[in-house]
Amino acid sequence: MKKKYSVFISSTFIDLEDERETIRKLVIDMGYIPLGMESFPATNEEQFGYIQKVIDDSDYYILVIGGRYGSLTTDGISFTEKEYDYAILKNKVVLAFVHESPDSFTAKVIDKEPSLREKLDAFRCKATQGRIVKFWSNKDQLGYQAMTSLHQAVDSYPTVGWVRGDFQNTQEVSQEFRRAEGELFHLKHEVNDLRQKMVEYESLIYSQFMEKTKPATQAEIQTWIDGAKNNYDDAVIRHSHNVRFADQDFILPSLYGASSVSVIVEKGVKVYRTQNGGHSTVYYMDGFRKDGI
């Protein structure tokens, strides 16, 4: 069952006409339905009441802020900000894109009244609070950001969407849904089992690593420092309190941050790393190298 999602595009128009068209086209190219002032019909209905109905029916809400606060409603708030407030009230998935330098817009499209500029600054602050916001400087960058953000939103926050009016939930479709649900249930259990096995596997590797290595002596540390002095001045190994020494082959576990170790490896000893690698450092006596360099 292929769904189409409707995307409400909210912004001022005079300063962002080209940017609105860029987003409208990419929404169509993605197979979704753009909604916005361009598609509003002539109607006797109170203007914002109609806008509310369109937002109610939308799946995702894109807000673009440029260099203009915009036309005011009767209560002194711009239509764009009022649309945004309503989308938040209705718990819509909001994707916000704010121009990084509103003063760069030409004088003919920005608000001339200081009070409107103050309202724009306040709206910018409001829109960037409590959510991830993308900042843009040109329409191509905005288009790319909008496309990637919308893809991520559809994957992370799927909504009801729209299907063809002639779609029928037949017995065959219902059986397919039940089969898919069953597969998903089993896959979740398989993932949990694999995660548990990974934990056990990592624990075993760490135990074997500790058995096959020992705390390095100061003499072993100094031997590597002296041998490598023409190539390295390594402060980590000089001051580390977690340096180990290996004289037999071993697997280096994936250790990160404060848990990571420094390992001095005797000549001829092979080191095998896990796929994730980790933050540990290997110091080779053979050639006085570190990390395979």
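A crossing of two helices is right-handed if the near helix is turned clockwise from the far one by less than a right angle, and left-handed if anticlockwise. That term is needed at the second stop of this tour, which goes through a predicted model.

**Whole chain**

Start with everything displayed. The chain has 293 residues, of which 38% count as buried. Its secondary structure consists of 8 helices and 12 strands. Take the contacts between residues at least 6 apart in sequence: 64% of these join residues at least 24 apart.

**Helices α1 and α5**

Select residues 17-29, which form helix α1, and residues 139-156, which form α5. Look along the line of sight that puts one helix in front of the other. The two axes come within 9 Å and cross at roughly 35 degrees. The crossing of α1 and α5 is right-handed.

Now show side chains at the contact. On the α1 side, select Asp18, Glu19, Thr22, Ile23, Leu26 and Val27. Opposite them in α5 are Lys139, Leu142, Gly143, Ala146, Met147 and Leu150. Coloured by class, this contact shows 7 nonpolar, 2 polar and 3 charged residues.

**The largest pocket**

Keep α5 on screen and add residues 93-99, which are strand β4. Both elements supply at least two residues each to the lining of the largest pocket. Which of the elements gives the most to this lining? It is β4, with 5 residues.

The space in the largest pocket comes to about 370 Å³. Its lining is made up of 13 residues; to centre the view, select Val94, Leu95, Ile132, Ala153 and Tyr157, the closest to the pocket centre. By class, the lining of the largest pocket divides into 8 nonpolar, 3 polar and 2 charged residues.

**The second largest pocket**

Clear the selection and move to the second largest pocket, with a volume of about 270 Å³. There are 14 lining residues here, and those closest to the centre are Ser11, Phe13, Met37, Ser71 and Phe79.

Next select 47-57 for α2 and 79-89 for α3, the elements that give two or more residues to the lining of this second pocket. The largest share comes from α3, with 3 residues. How many residues of each class are in the lining of the second largest pocket? Colouring by class gives 6 nonpolar, 6 polar and 2 charged.

Methods:
Residues are numbered from 1 along each chain as its sequence is written. This is a predicted model: local features need pLDDT of at least 70, side-chain atom pairs count only at pLDDT 80 or more; totals for chains, interfaces and linings use all residues. Side-chain values use heavy atoms; hydrogens and water are left out. On a 1 Å grid over the protein atoms alone, a cavity is a set of points where a 1.4 Å probe fits but cannot get out, and a pocket is an open set with protein on both sides within 12 Å along at least five of seven lines; lining residues have an atom within 4 Å of a point. Grid points are joined across faces, edges and corners, and a volume is the space filled by probe spheres set on the points. Helices (H or I, at least four residues) and strands (E, at least two) are DSSP runs, numbered from the N terminus. Ala, Val, Leu, Ile, Met, Phe, Trp, Tyr, Cys and Pro count as nonpolar, Asp, Glu, Lys and Arg as charged, and the others, Gly among them, as polar. Axes are lines fitted to C-alpha atoms, for helices over the stretch in contact, and angles run from 0 to 180 degrees between N-to-C directions. Contact means heavy atoms within 4.5 Å. Buried means under 20% relative accessible area, exposed over 50%, partly exposed in between (1.4 Å probe, protein chains only).
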